[in-house]
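Visitor: Please take one helix of this model and look at it closely. I want to know which way its residues point and what lies against them.

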Amino acid sequence: MSELFIEKRDFKTDQIFSLRTTVFHNQPIVYILYDEKKKPSAYIGQSVQASRRLKDHLKDPKKNKLNKTILIGHERFHQSASYNIETNLINYFIAENRFQLKNVSQTRSREMHHYYQKDFYNEDVFEEVWKQLQQEKIVTNSIETLRNRDIYKLSPYKELSSQQVEIKNEILSFCKEHIKQSGHHVISIEGDAGTGKSVLLSSLFNTIQDLSNDMESVLNKKNNYLLVNHAEMLKTYQNIAKSLPNLKKKQIMRPTSFINQMSKSGEMADIVLVDEAHLLLTKDDKYNNFHYQNQLEEIIKRSKMTIVIFDPKQVLKIKSYWNEKLLEEITNRYHAKTVKLTEQMRMHADTDTLKWIDQFVSKQLLPPPKVKQDSFELKIVEDPNQFKTAIQEKDDEVGLSRIVSTFDFLHKKDGAAYIVDEGGINMPWNFTNDKWTWAEHADSIREVGSIYTVQGFDLNYVGVILGPSISYDEEKDELLIDTSNYKDTGAFTSRSDMSKEEIKQAKEKIILNSINVLMKRGIHGLYIYATDEKLRRKLQEIKEGGKYD
């Protein structure tokens, strides 16, 4: 017999008062208030005093128009468990993208914490709750489907690590302290790929927007923006905005659009958050309608507070070529500070595996670390068909497993099919689509993703093709980067303010950065295939001579 009890009621005064005589009285429960309109709304909460809490909601003009409630209890619920179920429901409802949620975050920190039998409540009990909601036709998709959606992974309600919470609170305090002061104020959030930068930014922006609607907050009625340069990531943030009350699509923009809009209106934004600031332009670019010299500087000039996510290891174009020195030259002109994320949040990999990848993108080829059972899989594959089959099998098993490649093969946006490694992998490059995220579409398992389709996103397993620009130098015993083989011509657009030697170094760094980004996409595993014969032979050698299983 199930210890879970779920009941559906009308959200009316008499129905709420009668809870005092039920199993839901004076014990931790989770509840969902909702309506059944064409564009339905919902509110998700938890309480130890359900009748009192729901009575308060009936007086709230933002919630009293909801007319149905689902009450969720369990014989072994305690407050940590009900809080956990509430958080999970909010995240999965955002991923479903059906309901406009009325939940606001305020300054409440959803920090990761452990408690007795957390896995039981987090997985077993929640799965049973979700199945009941499916039966009631409140939700449609399976947990597995939603868990693989980027909108779920970037939900502002995801539990944060203690380091993320600490940095979030530090930034909020900085904003509150300086928002009314003169001048421009800048915070840089630095961190390697997979350290949870975008999740932190998503949570931060949602809280700032909630505070902008809080009459008692110093951040009330502030005009704030989230700027996103990455097309795929922009779609994800805009989809999240559909589910939350204080996020507006018009306040999630491309950097150039923001700069030009503010220039035209003459307005000054209050708080501007910039995701993937290492993609910002550092020279004028007529193609992108940017007519200044540095996007970050132009954003700062139009904002009282600027919060930027920055990782110099993810710079991918010369026209947006950044290093820490250039960043400091700009931010030092203003009141600025830097905070750093250091914990790897995406990859379930041990220190040895992460070190091996970091050494690889530093051109050093070391014996791969031993793969432990039930841990992150790092595999070197020599045969292209075995490589493709392995990723297909992982996709069949856990979903969201994709093949990606360095930009070493011709790829144009003219609707034609362009093939990656015709004599080996022999798969088409991805076809772009503005309506869906490439990796989440079922057909993308039969395509090869580029750096531009997966930067900033999670995959369960990633298969990385190292193209002809990455070879092996036998004399130096290190990677050999041949920039002449790199087909992303837009990445190498020259500029007059850099010397030939600086351009040469920048080109090699861009290719190494792209490898770093691609190799750090997978949560559970990384499979590597090299098209260059010398490199493939060397990888096979270190695989056989090392501790590789």
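Guide: First, a cut-off: a residue is buried when its relative accessible area is under 20%, and exposed when that value is over 50%. The model is predicted.

Take helix H2, residues 50–59. Which of its residues are buried? They are Ala50, Ser51, Leu54 and His57. Around the axis they cover an arc of only 120°, so they sit on the same side of H2. The general pattern is that an α-helix has 3.6 residues a turn, so residues three or four places apart point the same way.

Now turn to the other face. Pointing away from the buried side of H2 are the exposed residues Arg52 and Lys59.

What covers the buried residues? The cover of H2 includes helix H1 (13–17). It also includes three strands: E2 (29–34), E3 (41–47) and E4 (68–74).

Next, the setting. H2 belongs to a protein with 17 helices and 20 strands. The radius of gyration is 25 Å, close to the 24 Å that the globule rule gives for 549 residues, so the protein is as compact as a globular protein of that length. Its C-alpha trace spans about 80 × 60 × 40 Å along the principal axes. Buried residues make up 57% of the 549. Of the contacts with a separation of 6 or more, 78% join residues 24 or more positions apart.

Last, the surface and the charges. The accessible surface is about 24,300 Å², and carbon and sulfur atoms hold 45% of that. Positive side chains number 80 and negative ones 79, with the centres of the two sets 7 Å apart.

Technical notes: Residues numbered from 1 in each chain as written. Predicted model: local features only at pLDDT ≥ 70, side-chain atom pairs only at ≥ 80, totals over all residues. Heavy atoms only, no water. Helix = DSSP H or I, 4+ residues; strand = E, 2+ residues; numbered from the N terminus. Rg over C-alpha atoms; globule rule 2.2 N^0.38 Å. Buried < 20%, exposed > 50% of the residue type's maximum accessible area, 1.4 Å probe, protein only. Contact = heavy atoms within 4.5 Å. Areas by Shrake-Rupley, 256 points an atom, 1.4 Å probe, with all protein chains shown as cover. Lys, Arg positive; Asp, Glu negative; His and termini not counted. Charge placed at Lys NZ, Arg CZ, Asp CG, Glu CD. Arc of directions from axis to C-beta.
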